[in-house]
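Colleague: Got a minute to walk me through this one? I'd like to start with the overall picture and then poke at a few residues.

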Amino acid sequence: MSVNLTKGQAISLEKNDGGTLTAVRMGLGWQAAKRRGLFGSRTKEIDLDASAVLFAEKQPVDVVFFRHLVSDDGSVRHTGDNLVGGVGQGGDDEAILVDLQRVPVHIDQIVFTVNSFTGQTFQEVENAFCRLVDETNGQELARYTLAGGGEYTAQIMAKVHRAGSGWTMTALGTPTNGRTFQDLMPAILPHL
């Protein structure tokens, strides 16, 4: 059963049977908002990019994004760039896979972001979400829906962080501006 997260809400990433998750997928989906025009409604292609920034003691040590698809240690993998969104028809347009058992012990947080590489604001995006899926069985664990659009070009979506011997996910949903994950670093740091 999936949990619909609200901004700031945290959930433990333990299985219902008491076991711990071993592999998760952070999926991102979106569609271009339809615009009414003189000749009917049209959509404009929107290139959103998912990134995962790996931190050790509040210091960024690695990043996975469309130009660096696999973390240096191999524990985090991006499935590839989607330049238009909506391809998944409600499914994931981009995804980042995390093998929680392979994440090095010094990595204590992984922050997931989304940014508009082409600079369109989220007013031009609809049906955007990020979701966490148990990669071993395909079960959706949590979903954070991006609602309301806005005059910003990026969102710090969620983070997974170590909690004792397991992991916790927190929905952040913080709007910000930037076309790349590097632009977002000043906005990410207060969430660590």
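Modeller: Sure. Helices here are DSSP runs of H or I with at least four residues, and strands are E runs of at least two, numbered from the N terminus. Keep in mind that this is a predicted model.

Colleague: Okay, so how many helices and strands are in the protein chain?

Modeller: The protein chain has one helix and 14 strands.

Colleague: And what share of the residues count as buried?

Modeller: 52% of the 192 residues in the protein chain. The accessible surface is about 9100 Å², and carbon and sulfur atoms account for 50% of that.

Colleague: What about contacts, how many join residues at least 24 apart?

Modeller: 68%, taking contacts between residues at least 6 apart in sequence.

Colleague: Let's do the sheet. What's the strand order in the open sheet of six strands?

Modeller: It runs β2-β14-β13-β10-β6-β7, and the pairing is antiparallel. β2 (10-12) and β7 are the edge strands; each has a single partner strand, so one side of each has no neighbour in the sheet. From one strand to the next, the twist averages 20°.

Colleague: How many bridges are there between β6 and β10?

Modeller: Eight, with the two strands antiparallel, and β10 covers residues 109-116. If you want a pair to click on, Ser-51 has Thr-113 in β10 as its bridge partner.

Colleague: Which strands of the sheet does helix α1 touch?

Modeller: Helix α1 (residues 181-188) packs on the sheet and touches β6, β7, β10, β13 (154-163) and β14 (166-176). Its direction makes about 125° with that of β10.

Colleague: Switching topic: is Arg-25 buried or exposed?

Modeller: Arg-25 counts as buried, because its relative accessibility is 16% and the cut-off for buried is under 20%. You'll find Arg-25 in strand β3, residues 23-32.

Colleague: What does the side chain of Arg-25 make a polar contact with?

Modeller: The side chain of Glu-135, at 2.6 Å. Beyond its neighbours within four places in sequence, Arg-25 is in contact with several residues, including Asp-92, Ile-96, Arg-131 and Val-133.

Colleague: Last one. Where does Lys-58 sit?

Modeller: Lys-58 is in the loop between β6 (48-56) and β7 (59-64). Setting aside residues within four places in sequence, Lys-58 contacts Leu-189 and Leu-192.

Colleague: And how far apart are Lys-58 and Gln-109 in space?

Modeller: 8.1 Å from C-alpha to C-alpha, with their positions 51 residues apart in sequence numbering.

Colleague: Great, I'll go and look at those.

Notes
Residues numbered from 1 in each chain as written. Predicted model: local features only at pLDDT ≥ 70, side-chain atom pairs only at ≥ 80, totals over all residues. Heavy atoms only, no water. Contact = heavy atoms within 4.5 Å. Buried < 20%, exposed > 50% of the residue type's maximum accessible area, 1.4 Å probe, protein only. Areas by Shrake-Rupley, 256 points an atom, 1.4 Å probe, with all protein chains shown as cover. Polar contact = N/O pair within 3.5 Å; in protein donor to acceptor, adjacent residues only side chain to side chain. Pairing = 2+ DSSP bridges. Axes fitted to C-alpha atoms, helices over the stretch in contact; angles between N-to-C directions.
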